[in-house]
Amino acid sequence: MERVTGIGGVFFRASDSGALSRWYEHHLGVGGPPPTYEHRSWEQEAGPTVFAPFPGDSEHFQRPEQQWAINFRVRDLDAMVAQLRDAGIAVEVHAETYPNGRFADLADPEGNPVQLWEPAGADAVQPPDE
């Protein structure tokens, strides 16, 4: 059976798509769409990805009208949180460390939820060979 090999894009509406794209690139290192087909798209490192529909009344999305949320893997949650806070971005680190790692929550400039995940346990990401 043929199957997909990964996520090829995350697409969503924004009030100011250009500004929001620049925010993600500047603060999280997620490159925006390439300017032409001759340029490569942003590439994520290999690692675990969770694809999970949630019940319609889930509190995971913070606002009842919120239909999506994104979770980014990070190598060093503390360093990323410090970097974001230095830029004046509010970040809430979960007090609990879970069997699959540590998490922090923030919102992008348009109020969309963003979660950061430092994987551990079975989902721990091995550093690439150098």
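The paragraphs below go through the chain as a whole, its core, one helix, a few single residues and a pocket.

This is a predicted model, in which local features need pLDDT of at least 70 and side-chain atom pairs count only at pLDDT 80 or more, while totals for chains, interfaces and linings use all residues. Residues are numbered from 1 along each chain as its sequence is written, and side-chain values use heavy atoms, with hydrogens and water left out.

The chain contains two helices and four strands. Here helices (H or I, at least four residues) and strands (E, at least two) are DSSP runs, numbered from the N terminus. Along the sequence the order is α-β-α-β-β-β. The C-alpha trace spans about 45 × 35 × 35 Å along its principal axes. Of the 130 residues in the chain, 23% are buried. Buried stands for under 20% relative accessible area, exposed for over 50%, and partly exposed for what is in between, with a 1.4 Å probe and protein chains only. Contact means heavy atoms within 4.5 Å. Among contacts between residues at least 6 apart in sequence, 53% join residues at least 24 apart.

In soluble globular proteins, nonpolar side chains tend to be buried together. A nonpolar core is a set of buried Ala, Val, Leu, Ile, Met, Phe, Trp, Tyr and Cys residues joined through side-chain atoms within 4.5 Å. The largest such core in this chain has 18 residues, and those with the most contacts inside it are Tyr24, Leu28, Phe72, Leu84, Leu106, Val114 and Leu116. Two or more residues of this core come from each of α1 (17–28), β1 (70–73), α2 (77–86), β3 (101–107) and β4 (113–119). Tyr24 shows how distant parts of the sequence meet: leaving out residues up to four places away, Tyr24 touches Phe12, Gly29, Val30, Trp68, Phe72, Asp108 and Val114.

Which residues of α2 are buried? They are Leu77, Met80, Val81 and Leu84. Seen down the axis of α2, these buried residues fall within an arc of 100°, so they line one face of the helix. The arc is taken from the directions from the helix axis to the C-beta atoms. The cover over the buried residues of α2 includes α1, β2 (92–93), β3 and β4.

Leu84 lies in α2 and has a relative accessible area of 0%, which is why it counts as buried. Apart from neighbours within four places in sequence, Leu84 is in contact with His27, Leu28, Ile89, Val91, Leu106 and Leu116. Gln83 also has its place in helix α2, but this residue is partly exposed, because its relative accessibility is 46%. The C-alpha atoms of Gln83 and Arg63 are 26 Å apart in space, with their positions 20 residues apart in sequence.

Asn112 is in the loop between β3 and β4. Is Asn112 buried or exposed? Asn112 counts as buried, because its relative accessibility is 7%. Not counting residues up to four places away in sequence, Asn112 touches Phe12, Leu20, Arg63, Gln66, Trp68, Leu106 and Ala107. From Leu84 to Asn112 the C-alpha distance is 16 Å, and the two are 28 residues apart in sequence.

Ala107, one of the residues touched by Asn112, is found in strand β3. At 34% relative accessibility, Ala107 counts as partly exposed. With residues up to four places away set aside, Ala107 touches Trp23 and Asn112. The C-alpha atoms of Ala107 and Val125 are separated by 25 Å, and these residues are 18 apart along the chain.

Glu2 belongs to the segment before α1. This residue is exposed, with a relative accessible area of 71%. Glu2 and Leu77 are 75 residues apart in sequence, and their C-alpha atoms are 35 Å apart.

The last feature is a pocket. The second largest pocket holds about 250 Å³ of space. It is lined by Arg3, Val4, Thr5, Gly6, Ile7, Gln44, Glu45, Ala46, Gly47, Thr49, Phe51 and Arg73. On a 1 Å grid over the protein atoms alone, a pocket is an open set of points where a 1.4 Å probe fits, with protein on both sides within 12 Å along at least five of seven lines, and lining residues have an atom within 4 Å of a point. Grid points are joined across faces, edges and corners, and the volume is the space filled by probe spheres set on the points. The lining divides into four nonpolar, five polar and three charged residues. In this division Ala, Val, Leu, Ile, Met, Phe, Trp, Tyr, Cys and Pro count as nonpolar, Asp, Glu, Lys and Arg as charged, and the others, Gly among them, as polar.
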